[in-house]
Amino acid sequence: MENNRQGAWSRLRADQRRMRKENNLPLSVAKRGEDKAAISPCNLCPRNCLIDRHKGEPGFCRSDERIFVARAALHMWEEPCISGKKGSGAVFFSGCNLRCVYCQNYEIAAGQKGKQVSIGRLAEIFLELQDKGAENINLVTPDHHILQVAEAAALAKERGLWLPVVYNGSGYEKREIIRELTGIVDIFLTDFKYMDEELAEKYSSAPDYPAVAKAALGEMVKTAGGPVFDERGMMQKGVIVRHLLLPGHKKNAREVIRYVYETYGDKVYLSLMNQYTPFPRLREKFPERCKAGGDFRELCRKVTKREYDAVVDYALTLGVKNAFIQEGDTAKESFIPAFDGEGV
């Protein structure tokens, strides 16, 4: 086994422009009548809110048609093949279409942070990150703005953007949208949170998450293809599937790992994360459910070393070779940057 350390990450492994357009739409959406992707009435994510975002109505994602970015800067805490030595050019979008009670990026997921930017300004931000030496352009939770983000990426490419584009999402995305990102997105850095529908409902108000995530992942693999790295070991194309181990939920983690590996084998990389951090906000918001005997009580502690080791050992037993793991008590480290508007 070869280890490649970067911060708290190590590598568990064996081996190692252009957007299509139709009718001048920002995505090459075919003429499918009511199925055509639209901001208003919004049908961009599995929630299908159908609200009129053009009139300022916020959807389940807490966003209207305006784009808000909370931070755009070099980020060192992604997987080694994404951050490298220079950092990933991470653009953090405000808002999210999930309601994870344990959310690690609550400030921006709740839509309470960020500065409004235009499509033109977003394209400039991508180019500025490239000039700063970013290894890639990392779109963090872009799904609820994907039409505008795709247009900005195309504009940036016309102006000289050559870096790989990373779609860094929750896994709760429509496969139809993923399919239309061919020529825009090179790398999918996607969560796969749940294989358990009851758990998905309990923690994220999304009982359909397992089915949606499976379908979306299938499209990601079709769109990006197998992993491709440059001579420095930096990913240029491919899919990385992240799973954040939640305290008390080894079974869910094992089911996620088994599904991904048995379905895709070495076509994708797994990223097994132990960095779950229990924030005081959880107890403050759900005091009764966090008490002894409450159904959120397990979320009020860190993941133990024994729990995480058991999950990694399970992956090894299955034969997983292309994966990243985290070492040490990463809950002590801050993987969450300051959402202070830097670079926006």
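Reader: Which residue follows helix H10, and what is the sign of its phi?
Author: In this predicted model, glycine 319 follows H10, and its phi is positive, near 105°.

Reader: How do you know that H10 has the length expected of a helix?
Author: H10 has 14 residues. The expected span is 1.5 Å times one less than the number of residues, and for H10 that comes to 20 Å. From its first C-alpha to its last, H10 reaches 20 Å, so the span is close to the expected value.

Reader: What makes the buried residues of H10 a single side of the helix?
Author: The residues concerned are Glu307, Tyr308, Val311, Val312 and Ala315, each buried. They cover an arc of only 130° around the axis, which puts them on the same side of H10. An α-helix has 3.6 residues a turn, so residues three or four places apart point the same way.

Reader: Which residues are exposed on the other side of H10, and what covers the buried ones?
Author: Lys305, Arg306 and Thr317 are exposed on the other side; to count as exposed, a residue needs over 50% relative accessible area. The cover over the buried residues of H10 includes helix H8, strand S10 and strand S11 (323-326).

Reader: Why is phenylalanine 324 called buried?
Author: Buried means under 20% relative accessible area. Phenylalanine 324 is at 0%, and therefore counts as buried. Phenylalanine 324 is found in strand S11. Its C-alpha lies 7.5 Å from that of tyrosine 269, although the two are 55 residues apart in sequence.

Reader: How does the span of H8 compare with the expected one?
Author: H8 covers residues 250-264, 15 in number, and reaches 21 Å from its first C-alpha to its last, close to the 21 Å expected at 1.5 Å a residue. Just after H8, glycine 265 takes a positive phi of about 55°.

Reader: How do you know where the buried residues of H8 lie around its axis?
Author: Asn252, Ala253, Val256, Ile257, Tyr259, Val260 and Tyr264 are the buried residues of H8. Seen down the axis, they fall within an arc of 165°, so they line one face of the helix. The face turned away from that buried side carries the exposed residues Lys251 and Glu262. What covers the buried residues of H8 includes helices H6 (197-204), H7 (209-224) and H10 (305-318), together with strands S9 (235-244) and S10 (269-273).

Reader: Why is threonine 141 called buried, and what is the sign of its phi?
Author: The limit for buried is under 20%; threonine 141 has 17% relative accessibility and therefore counts as buried. Its phi is near 55°, a positive value in a residue other than glycine. Threonine 141 is found in the loop between strand S5 (137-140) and helix H4 (146-158).

Reader: Is leucine 50 buried or exposed, and why?
Author: Exposed means over 50% relative accessible area. Leucine 50 has 52%, and is therefore exposed. Leucine 50 also has a positive phi of about 60° although it is not a glycine. Its place is in the loop between S1 and S2.

Reader: What else is found in the loop between strand S1 (9-12) and strand S2 (67-75), and what peptide bond does it share with serine 40?
Author: Proline 41 has its place in that loop. The peptide bond joining serine 40 and proline 41 is cis, with omega about -10°.

Reader: Why is asparagine 168 called buried, and what does it contact?
Author: Its relative accessible area is 6%, under the 20% limit, so asparagine 168 is buried. Asparagine 168 lies in strand S6. Leaving aside neighbours within four places in sequence, its contacts are Glu78, Asn138, Leu139, Val140, Thr141, Pro142, Leu189 and Arg242.

Reader: What makes the largest pocket a pocket and the largest cavity a cavity?
Author: A pocket is an open set of points, whereas in a cavity the probe fits but cannot get out. About 930 Å³ of space lies in the largest pocket, and about 70 Å³ in the largest cavity.

Reader: What lines the largest pocket?
Author: Its lining has 43 residues, with Cys103, Gln104, Asn105, Asp191 and Lys193 nearest the centre. Strand S3 (88-93), helix H2 (106-109), strand S6 (165-169), S9 and helix H9 (280-285) are the elements that give two or more residues. By class, 23 lining residues are nonpolar, 10 polar and 10 charged.

Reader: What lines the largest cavity?
Author: Among its lining residues are Cys42, Cys45, Arg47, Cys49, Arg53, Cys61, Asn97 and His144. The lining has six nonpolar, four polar and two charged residues.

Notes:
Residues are numbered from 1 along each chain as its sequence is written. This is a predicted model: local features need pLDDT of at least 70, side-chain atom pairs count only at pLDDT 80 or more; totals for chains, interfaces and linings use all residues. Side-chain values use heavy atoms; hydrogens and water are left out. Helices (H or I, at least four residues) and strands (E, at least two) are DSSP runs, numbered from the N terminus. Buried means under 20% relative accessible area, exposed over 50%, partly exposed in between (1.4 Å probe, protein chains only). The arc is that of the directions from the helix axis to the C-beta atoms. Contact means heavy atoms within 4.5 Å. On a 1 Å grid over the protein atoms alone, a cavity is a set of points where a 1.4 Å probe fits but cannot get out, and a pocket is an open set with protein on both sides within 12 Å along at least five of seven lines; lining residues have an atom within 4 Å of a point. Grid points are joined across faces, edges and corners, and a volume is the space filled by probe spheres set on the points. Ala, Val, Leu, Ile, Met, Phe, Trp, Tyr, Cys and Pro count as nonpolar, Asp, Glu, Lys and Arg as charged, and the others, Gly among them, as polar.
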